[in-house]
Amino acid sequence: MESYRCGLVALSADPITFGHMDLIARAKERCTSVVVLIADNDMKRGEYLFSLPERVRIATRAVAQLGLSDIRVIGSGGLLVDTYLREGCDVLFRGIRDHEDERYESRQMQLHTLILPDLVGHIVFLESREEYRLVSSSLVKAFVRSGIDVSSFVPSFVKQLLEERICGQYKIAVTGCQAHGKTYVAEQLARRLRARGVSAHVIGIDALSRELYGEDSPGAQFVRDGIAGFFGEEMLIDGRKNVRRDVLKRRIFASETKSEERELLHRLVAPHIDRLYREAVSGKRGIVLVEWAQLAEMKLSHWTNHHSIVVSGADPEVFRSTRAISSEDAETMSRFQWNAEEKAQSLYDMASLAGNGTVIRFVNRIGDAASLDSLAHSVRELFPSLRYEGMAS
């Protein structure tokens, strides 16, 4: 494999994706140094979601996450060959996904060689890895518009920027142990944010589960049939159109229930929860509070770009009594759910690994309005670009 002194990787990067980052890393394997050029494509002028300076900043942060030395990110609206000459490059890398892409890129590179004949023999095509072959900036933006999670395609901070720019959504999770008041905190937090002129919405994942179990659809009936297959027909009520949720919860957390059965149930239910979540979040602008006890255990903090509030209750007995949760049920669930410290540590670790996110610890005390006001202020400060959404500061 031939090595080079300085390689040029030219991208529009609107926004940068893991496919782009992989291309940059593979180019660096063959070069002492790499220049990443964020450029404007004449065919896309006026269509970019992010301005050129924004794309340079985003790409710079993403490239830094690669942890590689001697890679510089620059922006230019001029000719690619002029950047190649100015930066003293001796090779130009182009990423290709398939044969059709290769033909297009070959024609484009031929045009550049008309301007700079010395480029001939100094253009290297790198074929995308299989896992990135279908990934493009356009696809990622289309997915975000449809409410599809793009954590597998872009860094967490890029996903957050896309959701803010395209959907006007600023997401943060509210999690904690059962009977510690996380639902109460989420609702009070939303109320206080609205009082500050910020649109705020609460989406409860447990509420989506209840909706699914009673939904009148063939897909939901398939789920109910599956639950009956796992745990018996006695799990269904109302002519098999609903589920005994309390009984199901006890069965899920029962010691005799095998982990394989829980995994099968999760695989049955999870795609429908994703579907209902997309429907619930669609069209909502402002701060979206995703309330769910199992966020950390299920390793799904990427849903909210690793922003989360971990609620621990100073008065758990009060909330347990309000929700009619027996001490026995609470003890059973506690065997399968982490405590607040464990949840917070796991969420912090995931945020650190993703290079994005904030974990806030909150002790919920009955009647402590001042702490809730302070929490609302902290959440508001997490998302400074909200001021550009026509909402009050």
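Modeller: A residue counts as buried when its relative accessible area is under 20%, and as exposed when that area is over 50%. The model we are looking at is predicted.

Colleague: Why is Tyr 4 called buried?

Modeller: Tyr 4 has a relative accessibility of 10%. The cut-off for buried is under 20%, so Tyr 4 meets it.

Colleague: How many aromatic pairs does the model have?

Modeller: The count is 6 aromatic pairs.

Colleague: What makes the pair of Tyr 4 and Phe 93 edge-to-face?

Modeller: The ring centres of Tyr 4 and Phe 93 are 6.3 Å apart, and their planes stand at 90 degrees. A pair needs centres within 6.5 Å, and edge-to-face needs planes over 60 degrees apart. Both conditions hold, so the pair is edge-to-face.

Colleague: Which parts of the chain does this pair tie together?

Modeller: Tyr 4 is in strand E1 (residues 4-11) and Phe 93 is in strand E4 (residues 91-96), so the pair connects parts that are 89 residues apart in sequence.

Colleague: How do you know whether Phe 93 is buried or exposed?

Modeller: Phe 93 has 1% relative accessibility. That is under 20%, so Phe 93 counts as buried.

Colleague: What makes Tyr 170 and Phe 383 an edge-to-face pair?

Modeller: Their ring centres are 5.6 Å apart and their planes are at 65 degrees. The limits are within 6.5 Å for the centres and over 60 degrees for the planes, so this pair is edge-to-face too. It links distant parts of the chain, with Tyr 170 in strand E6 and Phe 383 in the segment after helix H15 (369-382), 213 residues apart. Tyr 170 and Phe 383 are both buried.

Colleague: Which residues form an aromatic cluster?

Modeller: Tyr 277, Trp 292 and Trp 303 form one.

Colleague: What makes strand E6 mostly covered?

Modeller: E6 covers residues 169-176, and 8 of its 8 residues are buried. In a regular strand the side chains alternate between the two faces of the sheet. In E6, Gln 169, Lys 171, Ala 173 and Thr 175 point one way, while Tyr 170, Ile 172, Val 174 and Gly 176 point the other way, and all of them are buried.

Colleague: How do you know that E6 pairs with strand E10?

Modeller: Pairing needs at least two bridges. E6 and E10 (residues 286-291) are joined by 6 bridges and run parallel, so by that rule they pair. One of the bridges puts Ala 173 opposite its partner Val 290 in E10.

Colleague: What makes E6 and strand E11 a pair?

Modeller: They share 4 bridges in the parallel sense, E11 being residues 308-313. At least two are needed, so the rule is met. The bridge partner of Gly 176 in E11 is Val 311.

Colleague: Why is there no disulfide between Cys 89 and Cys 6?

Modeller: The sulfur of Cys 89 has its closest cysteine sulfur in Cys 6, 3.8 Å away. A disulfide needs the two sulfurs within 2.5 Å, so this distance is too far for a bond. The count for the model is 0 disulfides. Cys 89 is buried, with a relative accessible area of 9%.

Colleague: Why is Asp 238 called exposed?

Modeller: Asp 238 has 55% relative accessibility. Exposed means over 50%, so the term applies. Asp 238 lies in the loop between strand E8 (236-237) and strand E9 (242-243). Its phi is positive, about 55 degrees, although it is not a glycine.

Colleague: What is the phi of Ala 179?

Modeller: The phi of Ala 179 is positive, about 65 degrees, and Ala 179 is not a glycine either. Ala 179 is in the loop between E6 and helix H7 (182-195). At 4% relative accessibility, Ala 179 is under the 20% limit and therefore buried.

Colleague: Why is Thr 83 called buried?

Modeller: Thr 83 has 1% relative accessibility, under 20%, so it counts as buried. Thr 83 sits in helix H3 (residues 80-86). Leaving out residues up to four places away in sequence, Thr 83 touches Leu 8, Leu 37, Ile 74 and Ser 76.

Conventions. Residues numbered from 1 in each chain as written. Predicted model: local features only at pLDDT ≥ 70, side-chain atom pairs only at ≥ 80, totals over all residues. Heavy atoms only, no water. Buried < 20%, exposed > 50% of the residue type's maximum accessible area, 1.4 Å probe, protein only. Contact = heavy atoms within 4.5 Å. Phe/Tyr/Trp six-rings, centres within 6.5 Å; stacked < 30°, edge-to-face > 60°.
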